[in-house]
Amino acid sequence: MVTEFIFLGLSDSQELQIFLFVLIFVFYGGIVFGNLLIVITVVSDSHLHSPMYFLLANLSLTDLSLSSVTAPKMITDFFSECKVISFKGCLVQIFLLHFFGGSELVILIAMAFDRYVAICKPLHYTTIMCGNTCVGIVAVAWGIGFLHSVSQLAFAVHLPFCGPNEVDSFYCDLPRVIKLACTDTYRLDIMVIANSGVLTVCSFVLLIISYTIILMTIQRRPSDRSSKALSTLTAHITVVLLFFGPCVFIYAWPFPIKSLDKFLAVFNSVITPLLNPIIYTLRNKDMKTAIRRLRKWDVHSSVKS
C-alpha cells in the first residue's frame, strides 16, 4: 500500500526552478504582507468597522490561509530532489484546500449580497446587514467550507492506493490523487465534478447575475452618486473572475490539459491571493486613507517611544 506520494513539480529544468523559486517566494511574501495589512487595517481603524470591510478582512484571511496550504511546500520542494508528502499529509492538504476554498466561495457570495443590499435597498441596509448578520454569514461560510471539505475527503480516504504514487503537480488535490487509485474511478470522477464543479459553476453564475442586477441599478442613478459604487463593484467583479476562472477549468472542465492545469494551479495558489489585496487597496479610497492613518500612527508611536 502507498504510504507517500511524490510530486513531479512544475519543471525539471534547474534554471527554471531557481527562477520559479525566486518568483513564488516574492509572491508569497507579498501575499502574507498584503492580506495581513488589510486585516490589521480593518481591525484597527474604526472608520472601516462596517459589513463590507468586515467581509473583506475575512476574504483576506481565507486568501492567506488558502495560499499557505500549498505555497510553502512548493517553495521548499524546489530544492528537494525527491518532492515527497506522506499519505496523511496529502489528505490534510486536500481537506484544508477545500475548507478554505469553500469558505472563500461563500464569502464572495456574501460580499455580492452586501453590495446588492447597499445599492438596491439602501434604506434597509443597516437593518439587514447588522452585526449579528455579518457574524452569522462568516460562521456559515466556515461551516459550509468544513462540510464541503469533509465530503471531498470522504471520496479519497477509503480508496485503495497500491501504486503508482507520482502526482503530476506540486500539491495534492482530489482530481489528481484519485487517478492513482487501484480501482475504476469513473464514477468517482463524476461525483467530484458534481460536488466541486457544479458548486463552483452555479455559484459563479449566481454571482454574475447578482452583479448584473446591481450594475443595471447603478446605471439608473446620477453619475456623481454612482461613481464610488461602480469603483467598488469593479473591484469585486475582478476578484470573482480571478477566483472562479481557474476553479471552473480545474474542477468542471471535462477535457483537462496538464500544462494549463499546472498554470491555473499556480495562478490560484500565489497570483490570485496577491492580486486581491492590491485590487482592494488601489481601487478603494477608504482603504488607502486608512492605511495612511495606520502608517502615521506607527510613525507617531515610534517617535514617542
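# Exercises on a predicted model: disulfides, helix α3 and strand pairing

With -115 degrees about the S-S bond, the disulfide between C90 and C172 is left-handed. The pair connects distant parts of the chain, with C90 in helix α3 (residues 87-120) and C172 in the loop between β3 (166-167) and α6 (174-177), 82 residues apart. The model used in these exercises is predicted.

## Exercise 1. The disulfides

Determine how many disulfides the structure holds and which pattern the bonded cysteines follow.

*Solution.*

1. A disulfide requires two cysteine sulfur atoms within 2.5 Å. The S to S distance of C90 and C172 is 2.1 Å, and a disulfide joins them.
2. For C162 and C182 the S to S distance is 1.8 Å, and this pair is likewise joined by a disulfide. The link of C162 and C182 is left-handed, with -130 degrees about the S-S bond. Distant parts of the chain are linked here too: C162 lies in the loop between α5 (131-156) and β3, and C182 in the loop between α6 and α7 (186-219), 20 residues apart.
3. The structure therefore holds two disulfides. With bonded cysteines counted along the chain, their pattern is 1-3, 2-4.

## Exercise 2. Accessibility of the bonded cysteines

Classify C90, C172 and C182 as buried, partly exposed or exposed.

*Solution.*

1. Buried means a relative accessible area under 20%, and exposed means over 50%.
2. C90 has a relative accessibility of 0%, so C90 is buried.
3. C172 also has a relative accessible area of 0% and is therefore buried.
4. C182, at 31%, falls in between and is partly exposed.

## Exercise 3. Cysteines C134 and C247

Explain why C247 forms no bond with the closest cysteine sulfur, and state what is found for C134.

*Solution.*

1. The closest cysteine sulfur to that of C247 belongs to C202; because the distance is 14 Å, the two are too far apart for a bond.
2. C134 is in no disulfide, and the nearest cysteine sulfur, that of C130, is 7.1 Å away.
3. C247 is buried, at 9% relative accessible area. C134 is buried as well, at 5%.
4. C247 also appears among the contacts of T200, a residue of helix α7. Leaving aside neighbours within four places in sequence, T200 is in contact with L105, F244, C247 and V248. T200 is buried, with a relative accessible area of 7%.

## Exercise 4. Helix α3

Compare the expected span of α3 with the distance between its end C-alpha atoms, and decide how far the helix is enclosed.

*Solution.*

1. Helix α3 has 34 residues, and at 1.5 Å a residue it should span 50 Å.
2. The end C-alpha atoms of α3 are 49 Å apart, which agrees with that expectation.
3. Of the 34 residues of α3, 25 are buried, so the helix is largely enclosed by the rest of the structure.

## Exercise 5. The partners of strand β1

Assign a parallel or antiparallel sense to the pairing of β1 with β2 and with β3.

*Solution.*

1. Strand β1 (residues 4-7) pairs with strand β2 (residues 83-86) over four bridges, in the antiparallel sense. In this pairing, E4 stands opposite S86 in β2.
2. With β3, strand β1 pairs in the parallel sense over two bridges. The bridge partner of F7 in β3 is V167.

## Exercise 6. Aromatic residues

State how many aromatic pairs a search of the whole structure finds, and name the members of the cluster that includes W142.

*Solution.*

1. The search of the whole structure finds 15 aromatic pairs.
2. One aromatic cluster is formed by F95, F99, F100, W142 and F146.

Technical notes. Residues numbered from 1 in each chain as written. Predicted model: local features only at pLDDT ≥ 70, side-chain atom pairs only at ≥ 80, totals over all residues. Heavy atoms only, no water. Buried < 20%, exposed > 50% of the residue type's maximum accessible area, 1.4 Å probe, protein only. Phe/Tyr/Trp six-rings, centres within 6.5 Å; stacked < 30°, edge-to-face > 60°. Contact = heavy atoms within 4.5 Å. Expected span 1.5 Å × (residues − 1). Pairing = 2+ DSSP bridges.
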